[in-house]
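Morning, everyone. Please bring up the sequence and the structure, and then we can start.

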There are 2 protein chains.
Amino acid sequence: MTPSKDSPRPAGAGRAPGVEPARRAGRPTTAVLTPAGITAAAIRLIEVQGAEFSMTALGRALGVAPSALYNHVAGRDGLLTLVQDELMGHVDVSGFGTSHVVVALRRWAESYRQVFARHEAMVPIIAVLPVTGSPRTVDMYELVAEHLIAAGFPAADVMPTIVAFESLVFGSAMDTNAPETIFDTSGHPRPTPSFDEARRAQAATGTPSADASFDWGLERLLAGVEAGLPSEA
Amino acid sequence: MTPSKDSPRPAGAGRAPGVEPARRAGRPTTAVLTPAGITAAAIRLIEVQGAEFSMTALGRALGVAPSALYNHVAGRDGLLTLVQDELMGHVDVSGFGTSHVVVALRRWAESYRQVFARHEAMVPIIAVLPVTGSPRTVDMYELVAEHLIAAGFPAADVMPTIVAFESLVFGSAMDTNAPETIFDTSGHPRPTPSFDEARRAQAATGTPSADASFDWGLERLLAGVEAGLPSEA
């Protein structure tokens, strides 16, 4: 994917991405860093290098000293929270309040997986990253919880349900990036007739394995939500 | 956890773990590296440092030069396959053939999650690591596929089902290691009454959130398997 897909404001030409021109026309050579620009640069770096990037590497990518970054973001941890907030802003929650809650959950989970399949290096980080400081993440949880509770879903099951969907989403996002050869059994010392039959039968459906697997799990979780809703009078 | 939990052969006292004594009594000062010993040392290193370890760091932990490791394992990638094989050997597949397939799947998924919750740094690696060269992984897939097909489960759904269970398992293994404060909404600019109610109601059940979330998802996937089995005559 191209970075611009996730960048609502494409970086202007002729300067380092993430560095915005100073607003005052009288100071043409000065560039200013912004948290949004630094976040966008961090996301691009993570796509290439993975989430183990250093602030030094990020500063290098932006053409500034690492100390300049610390004037705008609260260190690497604070920056990861900004990355989380940016990515969560791309998850589609528009179904909540406009569609049946089960339809809204499907759209939410599908787009959630798409966002993190494009940013798989962030998966192990976001999976354990506190939501504190990420307003879009908290708003997302509040919205999903609100509509599950309003639909009559048992309140005690709301968090387990949300987290179970997220676990499937995160696991599937990683699986989406697995190599085609992941199930290659060459060299195995024993025959694998059932595994071979299962792979052949799945391949014959024409649906990519990662999509079929996510769909299979998602439909079962959605059926579980449906079963937890009060039957309509 | 202690490393010995996953090491069937505890390292002997008085020498570096992973280095086994030479078998010939006449050469007391010589130690020999083995693939199993190197694998056990790699697992211990991953528990402490994460999966980004280098062969140099592993050699240092074993008190040998990196080149000595390459005489026994096919580089870092080959070593990760050995780690995968070792960890998969701890997943409980004993239910297949002795219990109903749904009961066997539950035991398999629960132990699978436990193993990777203890080795979460391996999750993003194993999730995309080819099974080639890991006989225990391939045998596990063959066994699960064999019993699903024998129970009358549609062959084309076997791989999607296995992978959906694994996605939930991997996502839940990461969630199990999330900090207690992951859902702390302090500083959020808006009230979150539904999210608060959902968290309170879940906490009141007394079940740890990560366990409740995994169980919720697992029961729904198991219900999906049950629904795919032919009804008994």
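Let's begin with one residue, A:T39. Which residues does A:T39 contact, leaving aside its neighbours within four places in sequence? A:T39 is in contact with A:L79, A:L82, A:V83 and A:E86. Keep in mind that this is a predicted model.

Where does A:T39 sit? It lies in helix 1 of chain A, residues 35-49. Is A:T39 buried or exposed? Its relative accessibility is 5%. Buried means under 20%, so A:T39 counts as buried.

Now over to chain B, and a pair of helices. Helix 1 of chain B covers residues 35-49, and helix 4 of chain B covers residues 75-88. They pack at an angle of about 85 degrees. Their axes are 9 Å apart. Angles of 65 to 115 degrees count as roughly perpendicular, so that is what we call helix 1 and helix 4 of chain B.

Who makes the contact? From helix 1 of chain B, we have B:P35, B:I38, B:T39, B:A42, B:I43 and B:I46. From helix 4 of chain B, we have B:L79, B:L82, B:V83, B:E86 and B:L87. What kinds of residue are they? Nine are nonpolar, one is polar and one is charged.

Last topic: the two chains together. Lay chain A on chain B, and the RMSD is 0.0 Å. That takes a turn of 180 degrees and a shift of 0.0 Å along the axis. The two copies are therefore related as by a two-fold rotation axis.

And how do the copies meet? Of the interface residues of chain A, 100% are also interface residues in chain B. So the copies meet through the same surface.

Key:
Residues numbered from 1 in each chain as written. Chains lettered and ligands numbered in written order. Predicted model: local features only at pLDDT ≥ 70, side-chain atom pairs only at ≥ 80, totals over all residues. Heavy atoms only, no water. Helix = DSSP H or I, 4+ residues; strand = E, 2+ residues; numbered from the N terminus. Buried < 20%, exposed > 50% of the residue type's maximum accessible area, 1.4 Å probe, protein only. Contact = heavy atoms within 4.5 Å. Axes fitted to C-alpha atoms, helices over the stretch in contact; angles between N-to-C directions. Parallel < 35°, antiparallel > 145°, perpendicular 65-115°, else oblique. Nonpolar A, V, L, I, M, F, W, Y, C, P; charged D, E, K, R; others polar. Least-squares fit on C-alpha atoms with pLDDT ≥ 70 in both.
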